[in-house]
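Work through the exercises below with the structure open. Try each task before reading its solution.

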Amino acid sequence: MTHINLASLEVGQVIGSQEFLLTRDSLVRYAGASGDFNPIHYRDDFAQSVGLAGVLAHGMLTMGVAVQVAANWVGDAGKVIDYGVRFTKPVFVDAALGAVVVVTGKIGEIDAENGIVRIDLSVVCNETNVLGKAQAKVRL
Amino acid sequence: MVNPNVEGKKYPATAPYLVGREKIREFAHAVMSTNPVNLDVFAAQAAGYTDVVAPPTFAVVIQERSLATVLSDPEADIDFSRVVHGDQRFVHVRPIVAGDELTSTLKVASVKSLGGHSMVTFETEIFDTNNELVSTAISTLVVRGDE
């Protein structure tokens, strides 16, 4: 049971928008939580040695943060049954300033028969889409 | 280049991974979740779960374990220093909850060449102790060719 009335939803409707500040601290925290200790996510010298402009966020961190907009809308993160993204652009995280990621969710598709709604997420950093085809299906 | 002959290859199940309540909370904080079912046992139980629920992308922790088996397989010949994550998807039969003991099996779903690069898609199926499918994690890695 959720607070959402399926019949009141429309494709294209914005379900929420959130700004997330990713800092170097966020990257270290995610490295520890996920077990992904690739040094491109915490060492500028290493990132530059492999041709990157600097330290970048784990794609999986951006993916994991973005879905919060869908999870918060449905109220129960366990109702996200399918979630996929393409990693289109890196999110560079400045040591002092971090990086702001703006996530907006819209209703992409409504499957009324099965009570499943697809949320299409736009995930933007520095006016660039950093995830493509970011779609989360939630069961109401 | 990735060996195209590993397309269809299946790798043996990983050792069981016991999902801890604090691990879920740690992961939930890391992905900036404020969702009560991820953090609060009472909220999770009120929503019908036995314990806190893992965020939707937590299955990557299990996927990484099965990917490690293929990345260390000389037959597959994947140079990890040239790997970029192309895309990722999770399909959940049910959410992962604290207390789950999970194993995973990985299959190389496809190996494609594209402009000197290889694109390898892996499917990791995650099972509980009853051998019921919990989640499928699908990951495409782009392996840059020699330039």
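## Exercise 1: Strand pairing in chain B

Strand β2 (residues 17–18) of chain B pairs with β4(B) in the antiparallel sense, over two bridges. The model is a predicted one.

**Task.** Find which residue stands opposite Leu18(B) in β4(B), then trace the pairing of β4(B) with strand β1 (residues 10–11) and strand β5 (residues 117–127) of chain B.

**Solution.**
1. Start at β2(B). Leu18(B) stands opposite Glu101(B) in β4(B).
2. Move to β1(B), residues 10–11. This strand pairs with β4(B), residues 101–114, antiparallel and over two bridges. Lys10(B) has Lys107(B) as its bridge partner in β4(B).
3. Now take β5(B). It runs antiparallel to β4(B), and 11 bridges join the two. Val108(B) stands opposite Phe122(B) in this pairing.
4. Inspect the turn. The hairpin of β4(B) and β5(B) has two residues between the strands. Gly115(B) takes a positive phi there, near 55 degrees.

## Exercise 2: The layout of each chain

**Task.** Write the order of elements for chain B and for chain A, then add the overall figures for each chain.

**Solution.**
1. Count the elements of chain B: four helices and six strands. From the N terminus they run β-β-α-α-α-α-β-β-β-β.
2. Count the elements of chain A: four helices and six strands. Along the sequence the pattern is β-α-α-α-α-β-β-β-β-β.
3. Take the dimensions along the principal axes. The C-alpha trace of chain B spans about 55 × 30 × 20 Å. For chain A, the C-alpha atoms fill a box of roughly 55 × 30 × 20 Å.
4. Add burial. Chain B has 147 residues, of which 40% count as buried. Chain A has 140 residues, and 39% of them are buried.
5. Check sequence separation. Take the contacts with a separation of 6 or more. Residues 24 or more positions apart account for 71% of these in chain B and for 67% in chain A.
6. Note the confidence. Chain B has a mean pLDDT of 94, and 99% of its residues reach 70 or more. The model scores ipTM 0.96 and pTM 0.96.

## Exercise 3: Two helices

**Task.** Decide whether helix α3 (residues 59–66) of chain A is largely enclosed or open, then compare the span of α4(B) with the expected value.

**Solution.**
1. List the buried residues of α3(A). They are Gly59(A), Met60(A), Leu61(A), Thr62(A), Met63(A), Gly64(A), Val65(A) and Ala66(A).
2. Draw the conclusion. Eight of the eight residues of α3(A) are buried, so the rest of the structure largely encloses this helix.
3. Turn to α4(B). Its 12 residues reach 15 Å from first C-alpha to last. That is close to the 16 Å expected at 1.5 Å a residue.
4. Mark burial on α4(B). Val60(B), Val61(B), Ile62(B), Gln63(B), Ser66(B), Leu67(B) and Val70(B) are buried.

## Exercise 4: Where the chains meet

**Task.** Establish which element of chain B gives the most to the side that touches chain A.

**Solution.**
1. Size the contact. 28 residues of chain B are in contact with 28 residues of chain A.
2. Name the contributors. α1 (21–30), α2 (36–39), α4 (60–71) and β3 (83–92) of chain B each supply at least two residues to this side.
3. Rank them. β3(B) gives the most, with eight residues.
4. Sort by chemistry. The residues on this side of chain B divide into 15 nonpolar, nine polar and four charged.
5. Look across the interface. Strand β2 (residues 80–87) of chain A pairs with β3(B) in the antiparallel sense, over five bridges. Asp82(A) stands opposite Val91(B) in β3(B).

## Exercise 5: Nonpolar cores

**Task.** Identify which residues of the largest nonpolar core touch the most other members.

**Solution.**
1. Begin with the largest core, which has 66 residues. Leu22(A), Ala66(A), Ala70(A), Val91(A), Val101(A) and Leu121(A) touch the most other members.
2. Follow Leu22(A). Leaving out residues up to four places away in sequence, Leu22(A) touches Leu27(A), Ala57(A), Leu61(A), Val91(A), Val93(A), Gly98(A), Ala99(A) and Val101(A).
3. Find the second core. This separate core has 12 residues, including Tyr11(B), Val70(B), Ile78(B) and Val120(B).

How values were computed: Residues numbered from 1 in each chain as written. Chains lettered and ligands numbered in written order. Predicted model: local features only at pLDDT ≥ 70, side-chain atom pairs only at ≥ 80, totals over all residues. Buried ≥ 20, exposed ≤ 12 C-beta atoms within 10 Å, placed from the backbone. Contact = placed C-beta atoms within 7 Å. Nonpolar A, V, L, I, M, F, W, Y, C, P; charged D, E, K, R; others polar. Pairing = 2+ DSSP bridges. Core = buried A, V, L, I, M, F, W, Y, C linked by C-beta atoms within 7 Å. pLDDT = per-residue confidence, 0-100. Expected span 1.5 Å × (residues − 1).
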